[in-house]
Every structure is written in structure tokens, then in C-alpha cells.
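Reader: I have a structure to look at for class, and I am not sure where to begin. Could we go through it together, one topic at a time?

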Amino acid sequence: MTNNTETTSTLMAGPRGPKPTKLLSPRNIMLYGTLIVVALYYLLPLYVMVVTSLKGMPEIRLGNIFSPPVEITTAPWTRAWSEACTGLNCEGLSRGFWNSVRILLPSVALSIAIASVNGYALANWKFKGANVFFTILIFGAFIPYQVMIYPIVIILRELKLFGSLGGLVLVHTVFGMPILTLLFRNYFTSLPEELFKAARVDGAGFWGIYFRIMLPMSLPIFVVAMILQVTGIWNDFLFGVIYTKPDTYPMTVQLNNIVNSVQGVKEYNVNMAATLLTGVVPLIIYFVSGKLFVRGIAAGAVKG
Amino acid sequence: MARSVRPNQIFRNVNAKIAAIPMVLTAMVVFVGCTIWTVVHSFTNSKLLPKLDFVGFAQYERLWATRRWLISIENLAIYGICSLIFSFAVGFLLAALMDQKIRFENTFRTIILYPFALSFVVTGLVWQWILNPEFGVQNVIRSIGFSNFTFDPLYDAKIVIFGILIAGLWQGTGFIMVIMLAGLRGIDVDIWKASRVDGIPKWKTYLFVVIPMMRPVFITALVLISAGIVKVYDLVIAQTNGGPGIASEVPAKYVMDTMFRNQNLGQGFAASTMMLVSVLVILIPWAYLEFGGRKNDK
């Protein structure tokens with residue numbers, strides 16, 4: 001150890017060969033120690049969720065929330081999925097799950113289709129005024145949703161879409177557009193222009209180039225967009241609560257109603273199972289997609 | 001007959017224009033149109049239905065005389081300032097730690113970032129459970145001997161906003177870390193070499209060389225965090241629903257409740273316009289800094 005501190009103090013004096021790479025240097029202990037503590041802190045809520053959801057209620061009342069279950073039971077999970085009550089309805093969270101799926105699929109497909117074509121037009125077929133609209137679109141992303149919510153209610157009512165899944169799909173498409181358009185525009189701009197020009201010379205038109213050249217070349221960015229939209233739409237609460245009716249509530253809204261309902265005895269294990277069930281879809285996407293998820297969220301942050 | 005007419009400008013590049021129709025509609029109808037609509041109606045005394053019966057600034061005067069709104073603003077200010085400080089400090093420190101060529105970097109990053117994939121509702125409910133005074137942290141610490149220990153932020157009106165802050169930070173710091181890490185990775189390796197040759201200690205290099213160089217990244221992070229702070233809604237709904245009493249109300253919730261529960265539209269519009277103003281206060285200087293100075297190089 002004494003030898004070790006000497007090396008660190010003399011390190012700055014001048015180059016003395018390669019840096020020593022001892023595994024247990026004080027620096028490494030500090031570094032990894034901090035990181036492990038931080039990692040444990042971040043993992044704690046997930047652990048508590050899992051542990052609580054596997055205990056019975058008597059055990060929860062007696063023990064502490066961090067202790068592992070003595071007797072593992074999956075009953076809270078089945079209750080959360082198919083029996084938990086919101087108000088008078090006791091069909092469990094499964095209804096919310098399927099509602100969310102029904103909202104998710106068309107929203108993701110529609111928003112990505114529109115935004116990709118849009119980004120392509122902005123990148124390769126610039127027309128007069130395109131940038132003005134694009135700038136408005138990007139700045140619009142910062143407007144608090146509360147400002148636009150009520151007028152949108154009116155628009156949806158006029159379109160006869162208020163309270164239906166179609167209306168919510170439209171809302172998700174609209175509010176997903178800024179980030180997705182930015183994502184696709186930046187990606188298509190980064191592709192070599194010669195490709196586009198060569199296709200033009202060969203007589204391909206707007207849609208021909210899009211479907212035969214751009215689309216096949218940009219599968220990774222489509223995956224990134226999909227990750228972004230699936231997690232974003234699945235996690236949405238605000239639009240779900242405003243633009244749908246109780247029987248088409250998405251999972252997040254139903255979860256909140258189940259857990260924060262004031263009637264009846266609180267079943268914490270069922271609540272945690274329900275919470276985990278709601279979180280599991282984005283978590284799976286996150287853990288499977290790995291670096292692509294990071295790329296997706298960074299796309300919004302790093303301007304092109 | 002074969003006159004050569006210059007093709008109409010509108011039909012040039014017509015496919016691209018068709019493709020851009022959704023964007024134009026979104027930008028003009030939703031972002032511009034709906035915003036203007038709300039701002040205009042905030043000067044009316046609309047109740048259950050919107051109507052153009054102008055009353056000047058009466059709604060705003062009432063708004064700023066409402067105790068609940070003032071509490072909301074105060075909460076947002078506390079939440080916002082703390083959240084900014086901690087996000088920046090923790091985000092940067094974690095990014096700096098991750099940048100030390102550590103092993104298992106991917107594992108650590110995955111762990112720190114995963115809360116960001118979860119919704120605010122899930123985040124709020126988990127932390128509601130962990131901070132539950134009967135079963136959560138307070139109970140655990142009491143049971144190991146400190147029987148007078150009190151830590152129940154969610155039931156104490158004075159500190160409830162910090163209970164929400166804990167959850168919000170847990171969810172969001174990973175994201176800030178990722179942005180900061182990208183910024184750190186973007187810094188030229190030669191800078192590090194040069195400062196080592198000059199014998200400058202690492203922390204000094206961070207403080208006086210690297211941090212000033214990361215200004216654009218910090219500004220981006222600042223804008224993203226601030227925009228997120230103003231929108232705080234689902235987290236509060238899930239974790240405390242504004243309680244105890246009205247101690248953890250936030251502006252977004254005030255808007256929603258006045259508009260949809262109390263059917264006091266004009267008041268809700270005025271409150272949401274105030275939210276818009278607060279965003280503009282952040283956004284306009286940023287836009288000016290980012291795009292104002294170098295408009296010509298595009």
C-alpha cells in the first residue's frame with residue numbers, strides 16, 4: 001500500500017513508464033465503490049417491487065420491505081392481472097394492457113410512417129418554406145401540453161374522434177412528430193447525397209427513391225424510432241386520461257386508478273405486481289435494445 | 001398551341017409538399033393555432049364552455065390571488081431548482097466516473113438509465129410504497145433500533161415536494177448522465193494529454209478546461225430538464241395526488257383540475273398560458289444563443 005501511494009504522488013512529476021494497473025488501488029476502490037453504491041440505489045426500487053409482489057399480505061404487515069419473501073406466492077400477480085378493481089369494474093389490469101396494445105400498434109405505425117416520409121422530404125426535397133414549418137415543429141415540442149389540450153378536445157369532437165382510440169392515435173401521432181421528424185431528417189441528411197442524385201438520374205421519383213433506396217438503408221433508424229415511440233406511448237398518462245373513456249383507458253391510467261383507489265383494503269403486494277406489470281413492457285424493450293435506446297433518447301438531445 | 005408555360009410554382013416538388021402536409025398541419029393547427037386559441041380564451045370568462053366574452057386580465061388577477069396556484073408555483077420553483085442542481089451535479093459526476101475507462105461500463109450505464117424507461121406513474125407508485133411511513137424506509141430504520149426516526153415526506157406537508165423530488169431524480173438522472181457522457185466523449189483526447197504534460201491535476205482539468213468546453217451540452221441538458229420540470233404532472237398524480245391537502249400541487253395539475261373538474265375553463269387557460277410564458281422565458285434566450293449568432297452558416 002505504501003508503495004502504491006508513492007506511485008500516485010510521483011505520477012504527476014513526470015512520465016515513468018506505463019501507468020501501474022493494480023486492481024485494488026485506492027483509486028479503483030473509490031471509483032468502483034461509488035459506482036456500486038450508486039447502482040444499488042438505482043436498483044433498489046426494482047428490487048422492492050419484485051420482492052413485495054411475491055409476498056403475502058400478512059408477511060408485508062410483519063416484515064420490512066427490503067427483506068426477501070419467506071414464502072413466495074404468485075397470487076398477487078394473478079390478482080393484479082385479472083381481478084384488481086377500479087371502481088366497480090373488477091377485470092384487473094389485463095383490460096388496460098390490451099387497451100394499451102390497441103393504442104400502441106396503430107400509433108407507432110402511423111407516427112413513424114408519417115414522420116419518416118416527412119423527414120425524407122425535408123432532407124432531400126426541400127421546398128420553399130419547409131424550414132419555417134420545421135422550426136415551428138421543433139419549438140412546438142417545448143410547449144406544455146396543457147396549453148393545447150382543450151383546443152384539441154374541440155378538434156377531436158368536430159372530427160367525431162373524441163373518446164375513441166382513433167382520436168388518441170391521432171394525438172400520439174401529432175405529438176410524436178417533432179422528435180421523430182428530427183430523427184429521420186438528421187439521418188437522411190447524413191446519407192451520401194450521391195445516392196440520391198444517382199437515383200434521380202436513373203429516373204426514380206419521390207416515392208420510388210423513398211421505398212427502394214432510403215427505406216432499405218435506414219432500418220436501424222426505424223428501430224430507434226420504434227423504441228422511442230413504444231416506450232413513449234406506453235408510458236403516456238396525460239393523453240390517455242383526457243382523450244379516452246374509462247373502458248378504453250390505457251394501462252398507466254388504469255394502474256393509477258387501481259393503486260390510488262380509496263375504497264377497500266390496500267393490497268400492497270397486488271399494487272406492486274400491477275406496477276411491475278405496467279413497467280415490464282418498456283423495461284423489456286430497454287434491456288433488449290441496449291445501445292439503440294440510448295441512441296434514441298440522445299437523438300432528441302443532440303441537435304443535427 | 002405548344003406554348004411553353006412556366007410550370008406553376010405550387011406544383012413543383014409536389015410530392016414533397018404532400019408528404020409535408022401532416023407536418024404543416026401539426027405545426028400550424030396544433031402548435032400555433034391551439035396555442036393562440038388558448039391564449040385568446042384566457043382573457044375570457046369561459047366557464048363550462050369556451051366563449052368569447054372578454055374580461056381583460058381578470059382571470060390572471062384571480063389566478064395570482066388563488067392560494068392553490070401560489071403553492072403550485074412555489075412547489076414548482078423548489079422542485080425545479082433542486083432538480084436542476086441535483087441533475088447537473090449527479091449527472092455530471094456519474095458521467096465523469098463512467099468516463100474513467102472503467103470495466104463493466106455498459107452494465108453500470110444500463111442500471112443507472114433503466115428508470116428512464118419507466119413511466120412517471122410507475123415511478124411515483126414505487127416511491128410512494130418505499131416512502132410509506134408504516135412499511136417503508138421509516139419503518140425499517142425504526143425496527144433496527146432508532147425508534148424516534150421520522151422520515152415520511154409524503155405525509156408531511158412541509159417536505160412533501162422533496163419526496164417527489166427523490167422519485168423524479170431517480171427517474172431522470174440517468175438520462176442527464178448519458179447526455180453528459182456523450183459530451184465528455186466528444187472532448188478531444190489531446191486536451192487530456194496536454195493537461196497531463198503540464199502537470200495539471202485531473203480535477204482542475206475538469207473544472208477549468210473540460211466543463212467550460214462542454215457549454216453546449218450543458219445548455220442542451222438545461223433546456224431538456226427545464227422543459228421536463230414545467231410538465232411535471234403524472235408523477236405528482238401517482239405519488240401524492242397533490243396531497244397532503246394541497247401541499248404538493250403543481251401548475252400542470254392546477255390547469256387540469258380547473259379545466260376538467262371545476263369546469264372553469266377561463267381560469268385553466270390563464271394558468272396554462274402562465275406555463276407557456278415560463279417555458280418561453282427559458283426557450284427564447286436559448287434559441288437566441290443557439291441559432292441567433294450563426295444564422296448564416298446554414
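Author: Let us begin with a term: helices and strands are DSSP runs, of at least four residues for a helix and at least two for a strand, numbered from the N terminus. Please also keep in mind that this is a predicted model.

Reader: Okay, so how many helices and strands are there in chain A?

Author: Chain A has 15 helices, and the number of strands is zero.

Reader: And what is the radius of gyration of chain A, next to that of a compact globule of 304 residues?

Author: Chain A has a radius of gyration of 26 Å, whereas a compact globule of 304 residues would come out near 19 Å. Taken along the principal axes, the box that the C-alpha atoms of chain A fill is roughly 75 × 70 × 35 Å.

Reader: What share of the residues in chain A is buried?

Author: Buried residues account for 42% of the 304 in chain A. As for its contacts, if we take those between residues at least 6 apart in sequence, 73% of them join residues at least 24 apart.

Reader: What about confidence, what pLDDT does chain A average?

Author: The average for chain A is a pLDDT of 85, and 90% of the residues score at least 70. Residues 1-11 of chain A, however, have a pLDDT below 50, and beyond near neighbours in sequence this stretch has four contacts in the model.

Reader: Which domains does the assignment give for chain A?

Author: The domain assignment divides out domain 1 (22-73) and domain 2 (94-301) in chain A, and the C-alpha centres of these two domains lie 34 Å apart. Eight residues from domain 1 of chain A and seven residues from domain 2 of chain A take part in the contact.

Reader: Which helix supplies the largest share of the domain 1 side there?

Author: On the side of domain 1 of chain A that touches domain 2 of chain A, the largest share comes from H2(A), with four residues. The residues of that side of domain 1 of chain A divide into four nonpolar, three polar and one charged.

Reader: Switching to chain B, how far apart are the C-alpha centres of its domain 1 and domain 2?

Author: In chain B, where the assignment gives domain 1 (1-41) and domain 2 (58-292), the C-alpha centres of the two lie 38 Å apart. Four residues of domain 1 of chain B are in contact with five residues of domain 2 of chain B.

Reader: How many residues of chain B are in contact with chain A?

Author: There are 71 residues of chain B in contact with 67 residues of chain A. On the chain B side, helix H1 (residues 14-41) gives the most, with 17 residues, and the residues of that side of chain B divide into 53 nonpolar, 15 polar and three charged.

Reader: Last topic, which way does phi usually point, negative or positive?

Author: Most residues other than glycine have a negative phi. Lys101(B), although not a glycine, has a positive phi of about 50 degrees, and Phe104(B), also not a glycine, has a positive phi of about 55 degrees.

Reader: Where does Lys101(B) lie, and why does it count as exposed?

Author: Lys101(B) lies in the loop between helix H3 (67-98) and helix H4 (105-113) of chain B. Lys101(B) counts as exposed because 6 other C-beta atoms lie within 10 Å, and the cut-off for exposed is 12 or fewer.

Reader: And Phe104(B), where does that one lie?

Author: Phe104(B) lies in the loop between H3 and H4 of chain B, and with 13 other C-beta atoms within 10 Å, Phe104(B) is partly exposed.

Terms used
Residues numbered from 1 in each chain as written. Chains lettered and ligands numbered in written order. Predicted model: local features only at pLDDT ≥ 70, side-chain atom pairs only at ≥ 80, totals over all residues. Buried ≥ 20, exposed ≤ 12 C-beta atoms within 10 Å, placed from the backbone. Rg over C-alpha atoms; globule rule 2.2 N^0.38 Å. Contact = placed C-beta atoms within 7 Å. Domains from an automatic or database assignment. Nonpolar A, V, L, I, M, F, W, Y, C, P; charged D, E, K, R; others polar. pLDDT = per-residue confidence, 0-100.
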